[in-house]
Amino acid sequence: MGLEERRQTIKAQREQLISELETLYMNAFERLGQLDLGEGAVARLTQLLLRSREAAITPLQEEIEKPIITSPGEQ
């Protein structure tokens with residue numbers, strides 16, 4: 001497998017993971033909306049979920065968007 005093919009495979013895996021995480025978080029938010037926990041508890045859980053989502057997805061997105069810098073010896 002060539003260098004460019006490996007990069008594309010890694011990028012595709014990161015994008016797939018982001019998509020799966022987005023689905024996971026969306027389902028969690030929907031479940032929260034259906035629970036009768038009171039506004040304060042739902043607000044706290046929502047904030048935790050948002051922080052968790054940000055921490056999980058942002059590094060993956062940043063890695064995808066990072067410019068590719070290679071050295072002459074890379075293959």
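In the predicted model, leucine 60 lies within helix 2, which spans residues 39-65. Its relative accessibility is 17%, and leucine 60 is therefore classed as buried, the cut-off being under 20%. When neighbours within four places in sequence are set aside, the contacts of leucine 60 are with Arg14, Leu17, Ile18 and Leu21. A further relation to that part of the chain is seen in the backbone, where the C-alpha atoms of leucine 60 and glutamate 15 are separated by 7.9 Å although the two residues are 45 residues apart along the chain.

Isoleucine 18, one of the contacts of leucine 60, is itself in contact with Ile57, Leu60, Gln61 and Ile64, again leaving aside neighbours within four places in sequence. Both Ile18 and Leu60 belong to the largest nonpolar core, a set of eight residues that also includes Leu21, Tyr25, Ala28, Leu32, Leu49 and Ile57. Helix 1 (3-34) and helix 2 each contribute at least two residues to this core, with the largest share, five residues, coming from helix 1. In soluble globular proteins, nonpolar side chains tend to be buried together.

At the level of the whole protein chain, the secondary structure consists of two helices and zero strands. Of the 75 residues, 12% count as buried, and the accessible surface comes to about 5,900 Å², of which 54% belongs to carbon and sulfur atoms. Among contacts in the protein chain with a separation of 6 or more, 72% are accounted for by residues 24 or more positions apart; the contact between isoleucine 18 and Leu60 described above joins residues of the core.

Note on methods: Residues are numbered from 1 along each chain as its sequence is written. This is a predicted model: local features need pLDDT of at least 70, side-chain atom pairs count only at pLDDT 80 or more; totals for chains, interfaces and linings use all residues. Side-chain values use heavy atoms; hydrogens and water are left out. Helices (H or I, at least four residues) and strands (E, at least two) are DSSP runs, numbered from the N terminus. Buried means under 20% relative accessible area, exposed over 50%, partly exposed in between (1.4 Å probe, protein chains only). Contact means heavy atoms within 4.5 Å. A nonpolar core is a set of buried Ala, Val, Leu, Ile, Met, Phe, Trp, Tyr and Cys residues joined through side-chain atoms within 4.5 Å. Accessible areas come from the Shrake-Rupley method with a 1.4 Å probe; for residues, only the protein chains shown count as cover.
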